[in-house]
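Here are a few short exercises to work through with the model open beside you. Try each task before reading its solution.

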Amino acid sequence: MKANISISPAASLVHEDVEIVVDDLEYSTIHKLELRLIHKAGTSLVWSLQIKYLGVRFGGYFNCTPPVDLEYYLIVTDPRERKVCEKMFRRRLMYPTVQRIEVEESFPPDAGARPKVTGTIFKPPGTGPFPTIIDISGTGGGLNEQKRAALDSRGFVVLCLAFFKYKSLPEDLLTVELQYFEDAINYITSLPYTRDRIVFQGVSFGGTLVMFLTTKFPKIKAVCSINGSFAMDQFAHVRVNGKCPPIGIFKADGAHVKFLNDLMVYTDMVRNIELGEGADFEFKETSLVTAFRFVSALDDLSTPTIYANSYLSARLRDAGRKFEGFSKPTAAIQVFMEEASSKFGREPSASFRSISERRPLCQTI
């Protein structure tokens, strides 16, 4: 009898569990199951990768803008590496009934020459109001929609917000104004299907920036920083009323510069930046009910996320704010922000529980 692969459910979202069963294999024989992701760019998030297009390097940033289904290829081989059976299947980033709405709006309408609020809204079916998230990326700029669409499939309205290197927005990160983010907050909360209490989520420098934004805008009631740092610096910051705010400064002598495989490793550089007066985030200026979440990769060579999370946790504890943190052993991080939905409209729930009375999230290293 020929071996057969069955996958249930046949169509699923990326956050849903899938049951994979291989029947009728030869008894008492070791077989290998290899799962390949067929994608336009390289990634290390699965066991194996088959690049869909020629001329694309392995290890590229996993970008799905607009979101597309992920194609997987499961292969079963015997001890002689002979193919026994195979099956293709798909995983969706976005639920079919979710609306994807491209946005390029002047807000408020009399904003004049200010940059337009630019990005993509993902809206679930229905009239709402829905819990609302704004999601931003880091120093690479542009628009990265993949995890935003997955969040929307769990009942959130998500504004995937670009802030430079996209359409008519500035090309240079260091020219971006704080005002742009206030305009984005006011725009998304003005829509009839959203709420006036929002979550701000960011990755890399975006994770750093969301911490800064909480000290400026009280509508932010929860934040998730993914691999963020503990301060802005001279290479990654936004401007406030045309001026550079207090930031961290790298050592001029090049101390702590390291290279791995001819690539610069930034972790020691970032950890040892000198913080000027006011460069620390003033968490006492945040809303009393704002909750904070850190998600960090243990092997991040760009930002010392474990150190940063420990540093920021201590400051949040001193400010009497609610926070929690998660660390993963690899850079393959999946964030489950749906837990935050229970906190909208009231004080943060147990999903954003305070750990002020517990031991620190991690020891300073």
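A residue counts as buried when its relative accessible area is under 20%. Keep in mind that this is a predicted model.

**Exercise 1. Find which residues of helix H2 are buried, and decide how enclosed the helix is.**

Solution. Start with the extent: H2 covers residues 178-189, twelve in total. Its first and last C-alpha atoms are 17 Å apart, close to the 16 Å expected at 1.5 Å a residue. Next, apply the cut-off: the buried residues are Leu 178, Tyr 180, Phe 181, Asp 183, Ala 184, Ile 185, Tyr 187, Ile 188 and Thr 189. Nine of the twelve residues are therefore buried, and H2 is largely enclosed by the rest of the structure.

**Exercise 2. Work out which cluster of rings includes Tyr 180 and Phe 181.**

Solution. A search of the whole structure gives twelve aromatic pairs. One of them joins Phe 163 to Phe 164, with 5.3 Å between centres and 55° between planes, a tilted arrangement. Both of these Phe residues are buried. Following the ring pairs links Phe 163, Phe 164, Tyr 180 and Phe 181 into a cluster.

**Exercise 3. Identify the strands that pair with E13, and the sense of each pairing.**

Solution. Take E12 to begin with: this strand (residues 194-203) pairs with E13 in the parallel sense over six bridges, and Ile 198 has Ile 220 as its bridge partner in E13. Helix H3 (residues 205-214) joins E12 and E13 in a right-handed β-α-β unit. Then turn to E18 (residues 291-297), which is also parallel to E13, over five bridges; here Cys 224 stands opposite Arg 293. Finally, check the covering of E13: seven of its seven residues are buried.

Methods: Residues numbered from 1 in each chain as written. Predicted model: local features only at pLDDT ≥ 70, side-chain atom pairs only at ≥ 80, totals over all residues. Heavy atoms only, no water. Phe/Tyr/Trp six-rings, centres within 6.5 Å; stacked < 30°, edge-to-face > 60°. Buried < 20%, exposed > 50% of the residue type's maximum accessible area, 1.4 Å probe, protein only. Helix = DSSP H or I, 4+ residues; strand = E, 2+ residues; numbered from the N terminus. Expected span 1.5 Å × (residues − 1). Pairing = 2+ DSSP bridges. Right-handed = clockwise from strand over helix to strand, strands pointing away.
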